[in-house]
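Student: I should like a close account of a single part of this structure, given as one connected description. Please state the cut-off behind each term as it arises.

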Amino acid sequence: MPLNPVPNYPASLDSLPDPTSATYVDDDGFELDLLLSKHNAIMEALEAKLGTGASVPDANEVLVGNGAGASTWLAGLTADYIAANAVSQVGSANGSSFGPTTTSASYVDLTDMSVTLTGVTVGSKLVAIFSGTFQHNTVTAGVKTAFSLDGAAEVGGSTFVAAATNQQSPLVLVRVFTATATSHTIKTRWFASTPTATAVGTDRTLIVVELKR
Amino acid sequence: MNLNGKRVDLAQLQAELATAGITVPALGTAGEDLHTYDEDGAAIDMPPESAAVLEAHDPAPPPPPVTLDDVIAAAVARALAERGLK
């Protein structure tokens with residue numbers, strides 16, 4: 001059977017016949033013109049795959065495309081070559097409503113403090129950070145804050161107890177969650193041991209950073 | 001429900017609502033918004049019938065503002081008390 005001069009590559013790999021010292025250039029399956037034609041087609045496909053641009057690789061370099069049909073060896077991948085949110089992403093919420101208050105003795109949403117990340121990689125880490133300033137109008141009464149992931153029970157709580165009427169105090173929360181879905185909502189929630197707690201001014205921020213694996 | 005600049009004492013208002021037969025789990029404010037909470041703790045609108053109670057609400061005077069000296073004095077007093085000192 002004559003050699004098929006059309007290569008499989010780039011759709012799939014080829015298996016080329018190896019001639020021996022006893023093989024003639026017109027032997028069936030080894031026809032030199034057909035073999036050269038096949039080699040040429042494969043080399044042209046490899047050129048297209050690698051792209052244009054003269055460069056020689058060095059240690060720890062990677063080959064990257066740097067234009068349509070062009071490539072180069074790069075000593076260090078820069079952010080230009082990494083898609084947005086491919087390695088990490090950040091969501092944040094800042095206090096905008098001034099001085100929200102609550103009388104709730106069980107956890108309720110703290111105004112403005114909700115962050116939803118989409119396009120999350122399952123298994124990645126979500127680092128949640130919250131800071132805010134709180135006030136209670138009753139001596140020995142407390143304000144407690146905590147995170148809630150997708151409506152689950154609150155975790156990572158932090159409390160302040162007023163030593164004087166209307167004492168103010170900062171509260172900081174830090175927690176690492178493991179992503180189990182492609183979208184997650186993290187909220188800061190709060191309650192007052194007795195009425196009434198206040199989140200002072202707009203001094204509150206919730207930041208969620210996803211660190212992908 | 002918009003407060004329209006009205007000052008409220010939330011604990012007092014919640015008691016007044018209860019007296020009027022309006023039961024809410026808790027009250028909260030965010031800016032000029034007065035709200036209560038659903039079973040998940042999300043802020044929801046006040047029941048419409050609470051408007052009259054809010055209108056009649058006459059809040060107790062606010063406590064005097066606290067100073068840093070007050071906080072320090074209270075902390076010192078508590079520390080001394082814990083050690084049985086005066």
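Tutor: **Chain B and its contact with chain A**

Chain B has a radius of gyration of 18 Å, whereas a compact globule of 86 residues would have one near 12 Å; the radius is taken over C-alpha atoms, and the globule rule is 2.2 Å times the number of residues to the power 0.38. The model is predicted, so local features need pLDDT of at least 70 and side-chain atom pairs count only at pLDDT 80 or more, while totals for chains, interfaces and linings use all residues. Residues are numbered from 1 along each chain as its sequence is written, chains are lettered from A and ligands numbered from 1 in the order in which they are written, and side-chain values use heavy atoms, with hydrogens and water left out.

The C-alpha trace of chain B spans about 55 × 30 × 25 Å along its principal axes. Chain B contains three helices and three strands, these being DSSP runs numbered from the N terminus (helices H or I, at least four residues; strands E, at least two). Along the sequence the pattern of chain B is α-β-β-β-α-α.

As to the interface, 20 residues of chain B are in contact (heavy atoms within 4.5 Å) with 20 residues of chain A. The size of an interface is often given as the accessible area lost when the parts come together. Between chain B and chain A the buried area is about 1,400 Å², and carbon and sulfur atoms give 54% of it; this is the accessible area (1.4 Å probe) lost by two parts on being put together, summed over both.

Eight residue pairs, both members at pLDDT 80 or more, are in polar contact between chain B and chain A. A polar contact is a pair of N or O atoms within 3.5 Å; within protein, one must be able to donate a hydrogen and the other to accept it, and residues adjacent in sequence count only if both atoms are side-chain atoms. On the side of chain B that touches chain A, the elements giving two or more residues are α1 (10-19), β1 (28-30) and α3 (68-82) of chain B. Of these, α3(B) gives the most, with four residues. That side of chain B divides into twelve nonpolar, five polar and three charged residues, where Ala, Val, Leu, Ile, Met, Phe, Trp, Tyr, Cys and Pro count as nonpolar, Asp, Glu, Lys and Arg as charged, and the others, Gly among them, as polar.

The count of salt bridges between the two chains is zero; the criterion is a side-chain nitrogen of Lys or Arg within 4 Å of a carboxyl oxygen of Asp or Glu. Over all chains the same rule gives six.

Strand pairing also joins the chains: β4(A) (residues 101-102) and β1(B) pair in the antiparallel sense over two bridges, and a pair requires that DSSP find at least two bridges between the strands. Within β1(B), Gly28(B) is the bridge partner of Thr102(A).

The partner, chain A, has one helix and eleven strands, running α-β-β-β-β-β-β-β-β-β-β-β from the N terminus. Its radius of gyration is 32 Å, well over the 17 Å that the globule rule gives for 213 residues, so chain A is more spread out than a compact globule. Along the principal axes, the C-alpha atoms of chain A fill a box of roughly 100 × 35 × 25 Å.
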